[in-house]
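Visitor: Hi, could you walk me through this one? I have only just started reading structures, so please go slowly.
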Amino acid sequence: MIEKRVTFPCAAILFDLDGVLVDSTRSVERQWRVWAREQGLDGDKVMTVGHGVRAVEVIRTVAPHLDADAEVQKLEAREAGDHDGVAVMPGAAELVRAIPDGSWCVVTSGTRRLASARLRLAGIPAPKVLITADDVVNGKPHPEPYLKGAELLGANPAECVVIEDAPAGIQSAHAAGMKVIALTSTYPASALSGADAVVQKLKQIKIAVDGLRMLAISIG
């Protein structure tokens, strides 16, 4: 955890969605457990791989005999309609509004349909760049999602900072050459030790514009 103020200069900030901007953990777990029960699978085992990676990869891991693409469509249609307990993360709206347009994006393991539904429900302004499971060949922990986000923002990956809540996302961002601030919304700090900094709340993160195109993120 942060014990003193730390500053990260950057050109762009890339946010994971679930567990970072939107509190959807209860909905995600509820629908995955329903799906696991229907398939005769151990819900606890499914949840050990269910956070922070694409649903299609989870299904291929735990149920390789199923048509993963068809199962994803059914699962995420349910998730998109499950609003119980889904809410904006405290401080999320204020944080993204402090960042100039075109200097931030969302990189999520969910589909575009699901991500758009959750952003609307949470009242988060739609980013100019939204990278979803539909936009990549390789999901997190592969670097492709975050590299694509940086590319569409026109930012050098080495000048990007990612805000994540899952180990798979931390691995993805670091593999892309980016710094990572982890949020303890889904996993304990001990599971997020690979991040460059760990915070308990988004309100600990402050954004300042530094010059024409650079930002300064301070935490602590």
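Guide: The questions below go through strands, pockets and one unusual peptide bond. Please keep in mind from the start that this is a predicted model.

Visitor: Okay, strands then. What is the order of the strands in the open sheet of three?

Guide: The order in that open sheet is E1-E11-E10, and the pairing is antiparallel. Strand E1, residues 6–10, and strand E10, residues 205–210, are the edge strands, as each of these pairs on one side only. Going from one strand to the next, the twist averages 20°.

Visitor: And how many bridges join E10 to E11?

Guide: There are six bridges between E10 and strand E11, which covers residues 214–219, and the two strands run antiparallel. If you would like one pair to look for on the screen, find Ala 208 and then its bridge partner in E11, which is Ala 216.

Visitor: Got it. What about E5, which strand pairs with it over three bridges?

Guide: That is strand E2, residues 12–15, which pairs with E5 in the parallel sense. A pair to look for here is Ile 13, whose bridge partner in E5 is Trp 104. E5 also pairs in the parallel sense with strand E6, residues 130–131, this time over two bridges, and the bridge partner of Val 106 in E6 is Leu 130. Between E5 and E6 the chain crosses through H6, and this β-α-β crossover is right-handed.

Visitor: Are the residues on the two faces of E5 buried or exposed?

Guide: Both faces of E5, which spans residues 104–107, are covered. Trp 104 and Val 106 are buried on one side, while Cys 105 and Val 107 are buried on the other.

Visitor: Changing topic: what is the volume of the largest pocket?

Guide: The largest pocket has a volume of about 270 Å³. It is lined by 15 residues, and those closest to its centre are Val 72, Gln 73, Glu 76, Thr 111 and Asp 134.

Visitor: Which helices supply its lining?

Guide: Helix H3 (55–62), helix H4 (68–81) and helix H6 (112–122) each supply at least two residues of the lining of the largest pocket. H4 gives the most, with five residues.

Visitor: And how do the lining residues of the largest pocket divide by type?

Guide: Six residues of that lining are nonpolar, three are polar and six are charged.

Visitor: How many cavities of 30 Å³ or more does a search of the whole structure find?

Guide: The search finds two of them. The second largest cavity has a volume of about 30 Å³, and the residues lining this cavity are Glu 79, Ala 80, Asp 82, His 83, Val 86, Ala 117, Arg 118 and Leu 121.

Visitor: Which helix gives the largest share of that second lining?

Guide: The largest share of the lining of the second largest cavity comes from H6, with three residues, although H4 and H6 each supply at least two residues there. By type, the lining of the second largest cavity has four nonpolar residues, one polar residue and three charged residues.

Visitor: Last one, about that peptide bond. Which residues does the cis peptide bond join?

Guide: The cis peptide bond joins Lys 140 and Pro 141, and its omega is about 15°. To find it in the view, go to the loop between E6 and helix H7 (144–153), as this is where Pro 141 lies.

Terms used. Residues numbered from 1 in each chain as written. Predicted model: local features only at pLDDT ≥ 70, side-chain atom pairs only at ≥ 80, totals over all residues. Heavy atoms only, no water. Pairing = 2+ DSSP bridges. Helix = DSSP H or I, 4+ residues; strand = E, 2+ residues; numbered from the N terminus. Axes fitted to C-alpha atoms, helices over the stretch in contact; angles between N-to-C directions. 1 Å grid on protein atoms, 1.4 Å probe; cavity = no way out; pocket = protein on both sides within 12 Å on 5 of 7 lines; lining within 4 Å. Points joined across faces, edges and corners; volume = space filled by probe spheres on them. Nonpolar A, V, L, I, M, F, W, Y, C, P; charged D, E, K, R; others polar. Buried < 20%, exposed > 50% of the residue type's maximum accessible area, 1.4 Å probe, protein only. Right-handed = clockwise from strand over helix to strand, strands pointing away.
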